[in-house]
Amino acid sequence: MNMKRKSFLATLALGLAATRTSWANLPGETVEGKFVLAPLPYAYNALEPYVDAQTMEIHYSRHHKAYVDNLNKALADTNVSGLSLEDIIKNISKYSTAVRNNGGGHWNHSFFWEILSPKKTAPSGKLLKKINEDFGSVDKMKEEFNKAAASRFGSGWAWLILQKDGALKVVSTPNQDNPYMDVAEVKGCPILGVDVWEHAYYLKYQNKRADYVNAFWNLVNWDQAEKNYTAGLKKK
Ligand code: MN3
C-alpha cells in the first residue's frame with residue numbers, strides 16, 4: 001500500500017473514530033450477522049515510542065482480525081444470531097472453547113484499542129475520586145495493576161474493574177477471558193485493561209513485560225476510562 005493511501009485510510013479511521021460512539025462497552029458491531037473488525041482509532045505508528053508500529057500492525061491486522069474471523073467460524077455452527085457480543089460474553093460458559101477464546105479476543109482487543117491514545121490525558125472527575133478512595137492514590141492503583149500484569153503466568157490480561165458492590169478492584173484473567181464473563185473468578189465492568197500476551201510487546205520489549213506495562217501508562221486514555229466508569233455505574 002502506498003503512503004498516500006495509507007495516510008488516507010488513517011485519516012478515514014480517525015474520522016470514523018471521532019463520529020461513532022465508543023465501542024468499549026458496545027464492541028462487536030455486526031454486518032449481516034457477522035462480527036466485523038472496526039477500524040483502529042489511530043495510525044499504527046501513533047503510539048510510538050511506547051508501542052512500535054510493527055507490533056500495532058501485526059496485533060490489529062493479524063491477531064485481532066483472526067479472533068473476529070474465528071469467532072464467526074465458531075458461531076456458524078450454532079443457532080446463535082442477533083445476539084450482541086456482550087450477550088455472548090456474559091453467558092460464555094454456555095459456548096464452545098472456540099467461542100470463548102475468539103469472542104473474548106474480539107471483545108478484549110476492541111476495548112484495548114479504545115483505552116490507548118496518542119493524546120496525553122490524566123485521571124480526573126469521578127473516576128479519580130473513586131481511585132483515591134479505594135486505593136489511596138493513582139500511584140497505589142498503578143502499583144497493584146502492574147503487579148497483576150507481571151504475575152499473570154503465561155498469556156492474559158490485567159484489569160481495573162468496577163464490581164457490583166461499587167468498589168474498584170485490580171484483577172487479571174488468563175488467555176482471552178475477561179471480567180464480564182460468567183466464568184471469571186472476580187466479575188465486574190472493565191475500566192482499564194492491558195494485554196500481556198507476548199504478541200503485544202515482544203518485538204520491542206522482548207521478555208521485559210514490566211517495561212511494557214510501565215510504558216502503557218503513557219498511553220492510557222483516561223477520558224475513555226472515565227466513560228467506562230460512568231457506563232459501569234449505570235449497569236450495576
Ligand atoms: Mn493481543
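The following exercises, each with a worked solution, concern a predicted model.

**Exercise 1.** Identify which residues coordinate the manganese ion, and work out how the donors are spaced along the chain.

*Solution.* Begin with the donor atoms: the manganese ion is coordinated by NE2 of His59, His109 and His199 together with OD of Asp195, at 2.0 to 2.1 Å. Next, read these donors along the chain, where they follow the spacing H-x49-H-x85-D-x3-H. Within this set, the pair of His109, in helix H4 (residues 97-115), and Asp195, in strand S5 (residues 189-195), links distant parts of the chain, the two being 86 residues apart. Finally, turn to accessibility: His109 counts as buried because its relative accessibility is 0%, and Asp195, with a relative accessible area of 0%, is buried as well.

**Exercise 2.** Determine where Asn221 is found and whether Asn221 is buried or exposed, and then describe its surroundings.

*Solution.* Asn221 is found in the loop between helix H8 (209-216) and helix H9 (222-235). Since buried means under 20% relative accessible area, Asn221 counts as buried at 14% relative accessibility. A polar atom of the Asn221 side chain lies 3.1 Å from the backbone nitrogen of Gln224. Beyond residues up to four places away in sequence, Asn221 touches Glu114, Ile115, Leu116, Ser117 and Thr121.

**Exercise 3.** Describe the setting of Ala158 in strand S3.

*Solution.* Strand S3 comprises residues 156-162 and includes Ala158, which is buried because its relative accessible area is 0%. Leaving aside neighbours within four places in sequence, the contacts of Ala158 include Phe145, Val171, Ser172 and Leu192. Thr173, 15 residues from Ala158 in sequence, is 6.5 Å away in space, C-alpha to C-alpha.

Key. Residues are numbered from 1 along each chain as its sequence is written. This is a predicted model: local features need pLDDT of at least 70, side-chain atom pairs count only at pLDDT 80 or more; totals for chains, interfaces and linings use all residues. Side-chain values use heavy atoms; hydrogens and water are left out. Helices (H or I, at least four residues) and strands (E, at least two) are DSSP runs, numbered from the N terminus. Buried means under 20% relative accessible area, exposed over 50%, partly exposed in between (1.4 Å probe, protein chains only). A polar contact is a pair of N or O atoms within 3.5 Å; within protein, one must be able to donate a hydrogen and the other to accept it, and residues adjacent in sequence count only if both atoms are side-chain atoms. Contact means heavy atoms within 4.5 Å. Donors are N, O and S atoms within 2.8 Å of the metal (3.2 Å for Na, K and Ca); water is not among the atoms, so sites may look incomplete.
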